Amino acid sequence: MSCTEQNGALCEIAPVGCIPYEKDYEGYWRALRGAIEREEISDRGAVISDLIIDYNPGHYTAWEYRRKWSVQEGLVNEEIQYAAEQVVSNPKNYQVWHHHRRLVEILDKPVDALELTRNSLEEDAKNYHAWSYRQWIVKKFDLFSNEHEFVSKFIDADVRNNSAWNYRYFLIRETKFGPHSHFVEEPSLVQETSYAIRKSRLAPHNESPWNYIRALTRLARMPLVDVVGLVDALRDSNPQATIDNRFAAHLYADILAESDSRADKEAAAKLFQNLRDSDPCRRRYWDHKLSTIQKSISRS
Amino acid sequence: MSTEGDHEEESKAVGPLTAALHREHIKQLYEKKESFEMYMLEHRKISGVYWALASLQIMDCLDDLPKEEIVEWVFKTYDKDSGGFGANEQLDPQLLSTLSAVQILAIYNELDRLDIEKVVEYIKSMQNEDGSFSGDQWGEVDTRFSYGALLCLKIMNRLEDVDVDKAIDYVLRCRNFDGGFGCIPGAESHAGQIFCCVGALALTKSLDRIDVDLLGWWLSERQLPCGGFNGRPDKKEDVCYSWWVLSSMAMLGKIDWIDREKLTEFILQCQSPDGGIADRPGDIPDVFHTFFGLGALSLMDFPDLKRIDPKYALVTEVVELIEM
């Protein structure tokens, strides 16, 4: 639509005596308010809402107007395309993602959601909205079959991508332990922990794989020390050099602390002391760990 | 080596808190009504006003802005049919806007101007079958709304008007393998969402249901070598996380598990020479980051600031009136 047509539309909708503004946000909002007050859901209103959203994609009333209009006109499929374009322009905005999701709910079909989230993540591999939307889509429509491969690509690209590790945990929990477990070949826990250990070697000073391993053991109700290869991997990570691998050293110390042997517990205490010395930022946390292990030593 | 946004140790001396400049910055923001930037903030204006007033109250200069004018404006955003407040005049009612409205009235000790029954009715209508809360009548669900709803009711002393057990059950479903919380079940742990979930649990005295040590450690790991906090592993520091992380730790009783001095230095470095606090040193300030920077300093007992209650995000003297 040309500027003139848009202004013509504004002139018709705006209250009598109101001067139409060219590309003026306040004018558009006044016009849309007028339409809403008259309970007018029209193409003209949709044009205005698009103009408002162009300036301000957080304008939730304009978004809701579009939802009503697209449903009334039977244009929900077209509106999903519009929503997808807005997601590309405004990837960190709540309202644009929510708009796409509402339309998917109305149609009760995933439409382009997998492609949309994939494209978004290729631009920004940690986009919070994209990951959580993809989780919702995959769970709602049972689309788990390629997701393991999908998330592995992101971890391969950046082993520190915590969002990807979180998604990987979501997949394991849903497919091995959840209601979708008959859909996918279950990657076993041994495979998953080996995977995490392998990945941890690429960047020992990285929270994500160590948290992942801890979580898997809790899910499987398995003691950490029983995870095949974990203790060796932790030892190889040179836990005394705690500046470079705080998370690995912490996990190693926790495993030693769980042991019945007094010698292991004392080794754990030494590690916590080392961590306290090399990580003064969190010294009170390490004090807490030290006092817990000292109590355990004195009881053993 | 770490890629956690390492910074060289700042060699310049850290200046004081330039409170007078922040006051001036907030006053100017308020007075600048007809500007392009203000229109862009339209969809959350009422929250902006709350952040401004809460900042001023922490600095003990609430009278800098005109109380009656603001309270009158707040009621222009009120939708008497639903009982909710919108982010601005003639915008649809929303739960978080309703919370901001109620917080503003609490700050001004004008809660009795509310039609409390109606507002309670609005919030009740936002609770879903599974205990979660929607942000508006169109249904978006997020743990932010659980916190918003529970806090709003708590301020009005009407917490029991919703199904609190179900509300907390939903929040607990959003707990993750690392001890943190996300926006919906399974979503990645994020400091902002954690603040909302820990706040919801604290307000309903349900903190005993989570692993406080595990979450406390995850939160302490948000502190980067520069002293600032990030919101999740391997992301950049931002002043707003000073609030989300620190208030969560305060509610968990683990505020000692971080380096206060380094955080204080970081926040002070984020002050703009023209007033206001920015997300990072040298960036443009805004009222959102100004409030969160001041809030975090208050939690650390920074001198000449009023104490803020982490659960309510309101100063303690306001909370005392509420809890009376």
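This short presentation describes the contact between two protein chains, and then several individual residues, in a predicted model.

Good morning, colleagues. I shall begin with the interface. The size of an interface is often given as the accessible area lost when the parts come together. For chain A and chain B, the buried area is about 4600 Å². Carbon and sulfur atoms give 53% of that area. On the side of chain A, the residues that lose the most area to chain B are Tyr60(A), Tyr128(A) and Arg282(A). Together these three account for 16% of what that side buries. In terms of residues, chain A brings 46 to the contact and chain B brings 51.

Let me turn to the polar side of this contact. Between chain A and chain B there are 22 residue pairs in polar contact, counting pairs with both residues at pLDDT 80 or more. The number of salt bridges between the two chains is 4. A salt bridge joins Lys126(A) to Asp234(B), and its closest N and O atoms are 2.9 Å apart.

Which elements of chain A give two or more residues to the side that touches chain B? They are the helices α2 (25-37), α4 (60-72), α6 (94-107), α8 (128-140), α10 (162-176), α12 (207-219), α14 (246-258) and α16 (283-299). The largest share comes from α12(A), with 6 residues. By residue class, the side of chain A that touches chain B holds 13 nonpolar, 14 polar and 19 charged residues.

From helix α16 of chain A, I select one residue, Ser291(A). Ser291(A) counts as partly exposed, because its relative accessibility is 33%. Its C-alpha lies 8.9 Å from that of Ala269(A), and the two residues are 22 apart in sequence.

I return now to Asp234(B), the partner of Lys126(A) in the salt bridge. Asp234(B) sits in the loop between α10 (212-220) and α11 of chain B. Most residues other than glycine have a negative phi. In Asp234(B), however, phi is positive, near 65 degrees. Asn109(B), also not a glycine, has a positive phi of about 55 degrees. Asn109(B) belongs to the loop between α5 (95-107) and α6 (116-125) of chain B.

Another loop of chain B, between α11 (239-252) and α12 (260-269), contains Lys254(B). Is Lys254(B) buried or exposed? Lys254(B) is buried, because its relative accessible area is 16%, and the limit for that class is under 20%. Leaving aside residues up to four places away in sequence, Lys254(B) touches Val212(B), Asp213(B) and Met249(B). The C-alpha atoms of Lys254(B) and Ile107(B) are 27 Å apart, with their positions 147 residues apart along the chain.

Finally, I come to the cysteines. How many disulfides are there over all chains? The count is 0. Cys174(B) is in no disulfide, and the nearest cysteine sulfur, that of Cys197(B), is 5.8 Å away. Cys197(B) is likewise in no disulfide, and its nearest cysteine sulfur is that of Cys174(B). Why does this pair not count? A disulfide requires the sulfur atoms to be within 2.5 Å, and these two are 5.8 Å apart. Cys174(B) is buried, with a relative accessible area of 0%. Cys197(B) is buried as well, its relative accessible area being 0%.

That brings me to the end of the presentation. Thank you for your attention.

Note on methods: Residues are numbered from 1 along each chain as its sequence is written. Chains are lettered from A and ligands numbered from 1 in the order in which they are written. This is a predicted model: local features need pLDDT of at least 70, side-chain atom pairs count only at pLDDT 80 or more; totals for chains, interfaces and linings use all residues. Side-chain values use heavy atoms; hydrogens and water are left out. Contact means heavy atoms within 4.5 Å. Buried area is the accessible area (1.4 Å probe) that two parts lose on being put together, summed over both. A salt bridge is a side-chain nitrogen of Lys or Arg within 4 Å of a carboxyl oxygen of Asp or Glu. A polar contact is a pair of N or O atoms within 3.5 Å; within protein, one must be able to donate a hydrogen and the other to accept it, and residues adjacent in sequence count only if both atoms are side-chain atoms. Helices (H or I, at least four residues) and strands (E, at least two) are DSSP runs, numbered from the N terminus. Ala, Val, Leu, Ile, Met, Phe, Trp, Tyr, Cys and Pro count as nonpolar, Asp, Glu, Lys and Arg as charged, and the others, Gly among them, as polar. Buried means under 20% relative accessible area, exposed over 50%, partly exposed in between (1.4 Å probe, protein chains only).
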